[in-house]
Amino acid sequence: MTSPTETLEFQSEARQLLQLMIHSIYSNKDTFLRELVSNASDALDKLRLATYRDKDLVADADDLHIEIATDPEARTLTVRDNGIGMSREEVVSLIGTIAKSGTAEFLRKMKETQDAAASQDLIGQFGVGFYASFMVADRVTLVTRKAGESEGVRWESEGEGTYTIGPAEDAPQGTSVTLHLKPEDAEDNLFDYTDPAKIREIVKRYSDFLTWPIRMAKPSTGEEDGGQELETVNSMKALWARSQSEVTEEEYAEFYKHISHDWTGPLETVRLNAEGTFEYQALLFIPSRAPMDLFMRDAKRGVQLYVKRVFIMDDCEELVPEYLRFVKGVVDAADLSLNVSREILQQDRQIQLIRKRLVKKILATVKTLQSDKPESYQTFWTEFSRAVKEGLLSDPDNRETILEICSFASTHDAEKLTTLREYVERMKDGQQHIYFLTGESRQSIENSPHMEALAAKGYEVLILTDPIDEMWVDAVSGFDGKQFQSIAKGQVDLDSEEEKKATEVAREAKQKEYEPLLTWLGTTLSDTVKEVRLSTRLTTSPACIVGDTYDLTPTLEKMYRAMGQDLPPIKRILELNPDHGLVTALRAAHADRPEDEALTETAELLYNMALLAEGGDLPNPARFTKLLAGRLEKTL
C-alpha cells in the first residue's frame, strides 16, 4: 500500500534552527556541501557494513559512489549517493526532528548571544549537518529509498516551518538532495554553486580524503556526443594511511571537521602507527573546545573503527575510556574480522591493547602540550579538566600520569594554576602533606575558618571547586610520595617537633582547663556532633566543624542524597579556638553557672555559626534567627 503525501510541521527546535540557517550570519557558506557529502559518505559506509552483516539484504553495492550535478539554468545543485537510503519514518525522525543532544542548549545560547562573531562560533561548535543547506537554498528536495525496500520517499521544504513528505515512484536506492539555490550574492558570501569549478574547489578543500569516489561531469569540450562522461574529483586517499610529511595541517583540520561535525579546527593531532604482532593506524584529534553534550548521559562517544580501510562503526566506545570521550578520530586495524560486533569488541584482546596504547599516547600528547605549548594546554585544561579528572577514579593504571597533567587553583597565586609537581617543589622543609580544601567557590574556600592557621604559617593549599574533586581526593592517596590531606578533616598538625616540645606544657594545661566545657558541649550538642575538641587550625574564628579522616564531606553527602542514596546521618567534630574571646567567655560562664539555660542556647549558636562559616545549611534557620535576635536585643 502506497503511503499518503502529507504536510507536517517541523519540531519547534528544528524550526528555530532552520530560521537560524535561512538568516545565517555564518560567513563560510561553502561548508553546506561538506555536510551533504559527509552525510552521503556515511550512507555508503552503512550500506557496505549492512551487506557484510546481512547476506540476504537485497542491495546493489557494486559501484558505491557520490555524484554531484549542477544545472545553471534551473539553478539547482544535486548531491546523490547509492548508499543505505532512508525509510519514511527515518526521514521524519532524522530531518523533521532534531534528535541530537544539546540542541535546546544551543538555541538558548544563541538567543543569549548578541555578538555576531560569538554566534558564528556557536554555529560552528554545534554543527548543523543537513540544515546547512538552507544557508544557500530557498527550497530543498530529498528523494530516498532504503536498501531492501521497494517504496521510495520524497521530502520537500522551504524551511519555513512545514515540509511535505510522500511516496517517490521508481526512486533508485540511496538518497539525492537537490538544492534550489538562492540568487548569487557576493556581499553575503553566496557564490554561484552551479559553477562546476567552484564545486570542485570545495570538494578538494573539504572532502578530498573520503574513501568513496565523488563524481562530477567532465568539463565540456563542446564535442560530446550524448551524455557527459563522469570523472572522480577526489583523491580517495585515507589520511591516516598517508605518511605524515604528505599531509598538511589544513587537510588534518578538514578531516577532523568531517568526522566530528565541528566547524572549528582541532587543538592537537595525534598519530600512531603500530606494526608487529598486530597492526593498526590511528589518527586522533583533541578538539579545541568541549562539545555541548560532554556531560550528557545519552551523548555518543568513541572513535571510528575501520578494518583494512573498511568502515565498521562510528562510535567505538571500547577504544577510548569515558574520561577521554571528547577525543575524535579513526582507528584502522588490520587483523580484526569485518563482522566484528560491539559484544565481541568488549572481549577482544587486540582492542584492549590498542586502547591501552591510545590512552598512553593521548596522555603523553597532553603532557607535551603542558611543557611545550602552555597556551594550548591551558585551552585543553579549561575545556576538558572535569572529564579528565574522572580518570583519577576510573583508570588506576594511568593515575600517576593523569595527576602529572592536572592543574589546580591554589593559594600560591590568585590567577595562575599550579601543577602538583610545582606544588611539591614549593613545599616547606619537613612538610609531609599536600594540603587541599574542597568547596563551591574560590571565595568560600579562601574565607573558610579551616584556612586560618595554614595561611598564618604560609602553607600553600590547593583550592578544589569542581564536583568531581570531592570524589577523586578520597580515592587517590598521594603524589610523588606526598599524601593528600584535607584541611577540613582529621587533625592538621603544623608544628615542628621543637615547637611541640616548647608548647607541650602550656597545651596540656589548656586542655585540662577546657575539659569541663568540652565535656558539657559534647553532651549538649550530642544530636549534631560526635566530639568537641580544641583546635590547632583556628587563629581568628571562634569555632569550626571538621570531619574525621574518612568521613564524607558535606558536599559529597549532598550529592549522594540528591542521587537518591539513603545515607545515615553523619555527625562531625566541633573544634574550638581556645584563644578567642567568645570561647574563653563561654568557659568562664560555664564554670560560674553550669545550670544556666542561656548557655545551652549559646552552644547552639556557636555550632550554627561554625556551620554557616563553612557554607553549610542550617538545620533550623528560623530558630537560629530567633536566638540571634534575642541576643542582639540584650546588647542594646
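These are my notebook entries on salt bridges, charged patches, cysteines, backbone angles and residue distances in a predicted model.

**Entry 1. Salt bridges, overall**

I began with charge pairs. Side chains of opposite charge can pair when their charged atoms come close. My search for such pairs returned 39 salt bridges in the structure. I then looked up some of them one by one.

**Entry 2. Arginine 88 and glutamate 6**

I looked up the partner of arginine 88 and found glutamate 6, with the closest N and O atoms 2.6 Å apart. Arginine 88 sits in helix α3, residues 88-96, and glutamate 6 in strand β1, residues 6-9, so this bridge ties together parts 82 residues apart in sequence. I also checked how far each partner is covered. Arginine 88 has a relative accessible area of 14% and is therefore buried. Glutamate 6 has 34% and is partly exposed.

**Entry 3. Aspartate 192 and arginine 75**

My next pair was aspartate 192 with arginine 75, a salt bridge whose closest N and O atoms are 3.6 Å apart. Both partners are in loops: aspartate 192 in the one between β7 and α6, arginine 75 in the one between β2 (66-71) and β3 (76-81), so the bridge ties together parts 117 residues apart in sequence. I noted aspartate 192 as partly exposed at 24% relative accessibility. Arginine 75 is partly exposed as well, at 23%.

**Entry 4. Aspartate 474 and lysine 489**

I then took the bridge between aspartate 474 and lysine 489, which spans 3.4 Å from N to O. Aspartate 474 belongs to helix α16 (residues 469-475) and lysine 489 to the loop between β20 (482-486) and α17 (497-524), so the parts tied together are 15 residues apart in sequence. Aspartate 474 is partly exposed, with a relative accessible area of 45%. Lysine 489 has 8% relative accessibility; the cut-off for buried is under 20%, so I entered lysine 489 as buried.

**Entry 5. A network**

Which residues are joined into one network by salt bridges that share partners? I found Asp30, Lys198, Glu201 and Arg205.

**Entry 6. Positive phi**

I looked for residues other than glycine with a positive phi. Arginine 75, already entered for its bridge to aspartate 192, has a positive phi of about 50 degrees. Its place is in the loop between β2 and β3. Methionine 236 also has a positive phi, near 65 degrees. I placed methionine 236 in the loop between β9 (230-232) and α7 (249-260). At 34% relative accessibility, methionine 236 is partly exposed.

**Entry 7. Charged surface patches**

I listed a positive surface patch made of Lys46, Arg53, Lys300 and Arg342. From this patch I looked up arginine 342, which is in helix α8, residues 342-347. Arginine 342 is partly exposed at 34% relative accessibility.

I also listed a negative surface patch, formed by Glu184, Asp185, Glu187 and Asp195. Here I picked glutamate 187, found in the loop between β7 (174-181) and α6 (196-207). Aspartate 192 of Entry 3 lies in the loop between β7 and α6 too. Is glutamate 187 buried or exposed? Its relative accessible area is 79%, and the cut-off for exposed is over 50%, so glutamate 187 is exposed.

**Entry 8. Cysteines**

How many disulfides does a search of the whole structure find? I recorded zero. I then checked two cysteines for accessibility. Cysteine 316 is buried at 0% relative accessibility. Cysteine 406 is buried, also at 0%.

**Entry 9. Sequence separation against distance in space**

I compared two residue pairs, C-alpha to C-alpha. Leucine 181 and alanine 137 are 44 residues apart in sequence, and I noted 4.1 Å between them in space. Leucine 181 is in strand β7. With 7% relative accessibility, leucine 181 counts as buried.

The other pair is alanine 585 and aspartate 185, which are 400 residues apart in sequence and 82 Å apart in space. Aspartate 185 is one of the residues of the negative patch in Entry 7. Alanine 585 lies in helix α19, residues 581-592. I entered alanine 585 as partly exposed, at 43% relative accessibility.

Note on methods:
Residues numbered from 1 in each chain as written. Predicted model: local features only at pLDDT ≥ 70, side-chain atom pairs only at ≥ 80, totals over all residues. Heavy atoms only, no water. Patch = residues over 30% accessible without salt bridge, like charges linked within 9 Å, V, L, I, M, F, W, Y side chains within 5 Å. Areas by Shrake-Rupley, 256 points an atom, 1.4 Å probe, with all protein chains shown as cover. Salt bridge = Lys/Arg side-chain N within 4 Å of Asp/Glu carboxyl O. Lys, Arg positive; Asp, Glu negative; His and termini not counted. Charge placed at Lys NZ, Arg CZ, Asp CG, Glu CD. Helix = DSSP H or I, 4+ residues; strand = E, 2+ residues; numbered from the N terminus. Buried < 20%, exposed > 50% of the residue type's maximum accessible area, 1.4 Å probe, protein only. Disulfide = S-S within 2.5 Å.
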